[in-house]
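Colleague: I would like to learn how to read helix packing and burial from a model. Could you take me through a case?

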Amino acid sequence: MTAPRNGRKPAQLELAGGKSPRQLAWETIRARRESFTLNDVACYADIDIQTAKAYLQALERGGYISSTSPRRNTTIAAKTYRLANDCGVDAPRLNRHGQVVNRGIGNTNMWRVIRMSKSEFDYHSIARDASTPEHQIAPSTAKNYLLALEQAGYLDIVQPSQGKPGGGNSPCRLRLRPIHPITGKAPGPRAPMVQLLKTVYDPNWAQIVQQEAPHHD
């Protein structure tokens, strides 16, 4: 076992490596769900001890992990934990108080609906089915995400957009490809990430699958 690192990777290196420190910590926790310590998480996930500490505190406050140590005043470094609420493969996005942070939840929900779909869909149905009382997804948001996924090779166009009598267009119908043409793998459970520079990154395979060519004057 290696000692926990004392520094955090820059964001671009975390992206290149495929997983954020919190994701690595969460996967370690799920793998050692019945018993783990702060040092276990830092060492096995190979992340900064302070990053691991802050995330464990947030997870405990949010009810995702619970202490099995007998004394209430045991310090976090001496505590033993167990996983109390396994919410899936994606690391819970929490603030330091253990409250859920909504950024990225829309894409996660849309990707889950896409993977569960047994037939073709359009952006209206994805926005509707992926919305929750706490997080509504606008049709325009779903349209942009589906467009990015289609351009990155995740989706097939089953029926192109067509004009309707009286004006307007019906949205195109899409379907998830069983195998991605670039990775050669089945779609994974984690939502592809659309980056600011129109790059689509797949955290399941730690791979950029779509990148807009630079414009030269």
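Colleague: In which hand does α5 pass α6?

Modeller: The model is a predicted one. Handedness depends on whether the near helix is turned clockwise or anticlockwise from the far one. Here α5 passes α6 in a right-handed crossing.

Colleague: At what angle do the axes of α5 and α6 cross, and within what distance do they come?

Modeller: The axes of α5 (residues 105–116) and α6 (residues 123–130) cross at roughly 115 degrees and come within 9 Å. Angles of 65 to 115 degrees count as roughly perpendicular, so α5 is roughly perpendicular to α6.

Colleague: Which residues of α5 and α6 meet?

Modeller: From α5 come Asn109, Met110, Val113 and Ile114; from α6 come Ile126, Asp129 and Ala130. Sorted by class, this contact has five nonpolar residues, one polar and one charged.

Colleague: Now burial. Is helix α3 mostly covered or uncovered?

Modeller: A residue counts as buried under 20% relative accessible area. Helix α3, residues 38–45, is mostly covered, with six of its eight residues buried. These are Leu38, Asp40, Val41, Ala42, Cys43 and Ala45. Their cover includes α2 (21–31) and α4 (49–61).

Colleague: What phi does Asp46 take, just after α3?

Modeller: Asp46 has a positive phi of about 55 degrees.

Colleague: And what percentage of the 217 residues in the protein chain is buried?

Modeller: Buried residues account for 37% of them. The chain exposes about 12800 Å², and carbon and sulfur atoms supply 50% of that area. Seven helices and nine strands are found in the chain.

Conventions. Residues are numbered from 1 along each chain as its sequence is written. This is a predicted model: local features need pLDDT of at least 70, side-chain atom pairs count only at pLDDT 80 or more; totals for chains, interfaces and linings use all residues. Side-chain values use heavy atoms; hydrogens and water are left out. Axes are lines fitted to C-alpha atoms, for helices over the stretch in contact, and angles run from 0 to 180 degrees between N-to-C directions. Helices (H or I, at least four residues) and strands (E, at least two) are DSSP runs, numbered from the N terminus. Angles under 35 degrees count as roughly parallel, over 145 as roughly antiparallel, 65 to 115 as roughly perpendicular and the rest as oblique. Contact means heavy atoms within 4.5 Å. Ala, Val, Leu, Ile, Met, Phe, Trp, Tyr, Cys and Pro count as nonpolar, Asp, Glu, Lys and Arg as charged, and the others, Gly among them, as polar. Buried means under 20% relative accessible area, exposed over 50%, partly exposed in between (1.4 Å probe, protein chains only). Accessible areas come from the Shrake-Rupley method with a 1.4 Å probe; for residues, only the protein chains shown count as cover.
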